[in-house]
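This report describes a protein chain from its overall architecture down to individual residues. The sequence and the model are shown first.

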Amino acid sequence: MRLPIDTSAIAFLCALAPEPVIDFETRRPRADENGEPLYVIQLLAMGDGSADLLAVKVPGVPSSAIRQGAPVKVTGLVAQPWTRADRSGVSFKAARVEPAITQAKAS
């Protein structure tokens with residue numbers, strides 16, 4: 001089951017630069033169902049007095065402006081619980097991760 005996440009009250013910072021998602025068995029870059037290359041971006045999600053580090057997969061080549069410490073905007077974030085043998089967890093995927101637009105100071 002895919003669970004959509006409302007990101008309107010969450011601030012995101014890029015913790016680590018995007019990296020291609022590599023297939024565990026073939027050691028080749030993975031693509032999504034549309035053939036877009038998949039990247040994983042480590043994001044610091046901050047809101048309501050707490051923070052968590054999330055590994056978020058995103059299709060397409062991310063902007064070069066997405067680098068460590070940069071604020072980003074996350075669109076279409078979903079969480080998907082998974083179980084494999086005796087292990088379980090939650091994976092995250094977003095439709096887009098893009099640089100956050102910051103307002104320039106007025107002179």
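## Basis of the description

Two residues are said to be in contact, or to touch, when heavy atoms of the one lie within 4.5 Å of heavy atoms of the other. By this criterion Ala 9 touches Met 46 and Gly 47, when residues up to four places away in sequence are not counted. The model is predicted.

## Overall architecture

The protein contains 8 strands and 0 helices. The order of elements along the sequence is accordingly β-β-β-β-β-β-β-β. The C-alpha trace spans about 55 × 30 × 20 Å along its principal axes.

Of the 107 residues, 24% count as buried. The accessible surface comes to about 7,700 Å², and carbon and sulfur atoms account for 52% of this area. Among the contacts with a separation of 6 or more, 54% join residues 24 or more positions apart.

## The nonpolar core

The largest nonpolar core of the protein has 17 residues, and those with the most contacts inside it are Leu 43, Val 72, Val 74 and Val 97. At least two residues of this core come from each of S2, S3, strand S4 (50-59) and strand S5 (71-75). The greatest contribution is that of S3, with 4 residues.

Val 74 illustrates the surroundings of one of these core residues. With neighbours within four places in sequence left aside, Val 74 is in contact with Thr 7, Phe 12, Leu 43, Ala 94, Arg 96 and Val 97. Two of the partners of Val 74, namely Leu 43 and Val 97, are also listed among the core residues with the most contacts.

## Cys 14 in strand S2

Cys 14 lies in strand S2. Is this residue, Cys 14, buried or exposed? Its relative accessible area is 2%, under the 20% limit, and Cys 14 is therefore buried.

Residues beyond four places in sequence that touch Cys 14 include Ile 41, Gln 42 and Leu 43, as well as Ile 66, Arg 67, Gln 68, Gly 69, Ala 70 and Val 72. Leu 43 and Val 72, both touched by Cys 14, are among the residues with the most contacts inside the largest nonpolar core. Tyr 39 lies 25 residues from Cys 14 along the chain, and the C-alpha atoms of the two are separated by 13 Å.

## Charged residues

The protein carries 12 positive and 11 negative charges, whose mean positions are 4 Å apart. Side chains of opposite charge can pair when their charged atoms come close. The structure holds 1 salt bridge, in which the side chains of Glu 98 and Arg 96 meet at 3.5 Å, N to O. Both partners are partly exposed: Glu 98 has a relative accessibility of 24%, and Arg 96 has a relative accessible area of 44%. Arg 96 is also one of the contacts of Val 74.

Asp 32 is found in the loop between strand S2 (11-20) and strand S3 (38-47). Why does Asp 32, although buried, have no salt bridge? The nearest side chain of opposite charge, Lys 93, is 4.9 Å away, and a salt bridge requires a distance within 4 Å, so the pair does not qualify. Lys 93 is nevertheless in contact with Asp 32, as are Leu 38 and Pro 59, with neighbours within four places in sequence left aside.

## Loop residues

Ala 9 is placed in the loop between strand S1 (3-4) and S2. With a relative accessible area of 65%, Ala 9 is exposed. The residue has a partner distant in sequence: Gly 47 is 38 residues away along the chain, while the C-alpha atoms of Ala 9 and Gly 47 are separated by 6.4 Å.

Two loop residues other than glycine have a positive phi: Arg 27, at about 65°, and Asp 48, near 55°. Arg 27 lies in the loop between S2 and S3, and Asp 48 has its place in the loop between S3 and S4. Both are exposed, Arg 27 with a relative accessible area of 58% and Asp 48 at 82% relative accessibility.

Conventions
Residues numbered from 1 in each chain as written. Predicted model: local features only at pLDDT ≥ 70, side-chain atom pairs only at ≥ 80, totals over all residues. Heavy atoms only, no water. Buried < 20%, exposed > 50% of the residue type's maximum accessible area, 1.4 Å probe, protein only. Areas by Shrake-Rupley, 256 points an atom, 1.4 Å probe, with all protein chains shown as cover. Lys, Arg positive; Asp, Glu negative; His and termini not counted. Charge placed at Lys NZ, Arg CZ, Asp CG, Glu CD. Core = buried A, V, L, I, M, F, W, Y, C linked by side-chain atoms within 4.5 Å.
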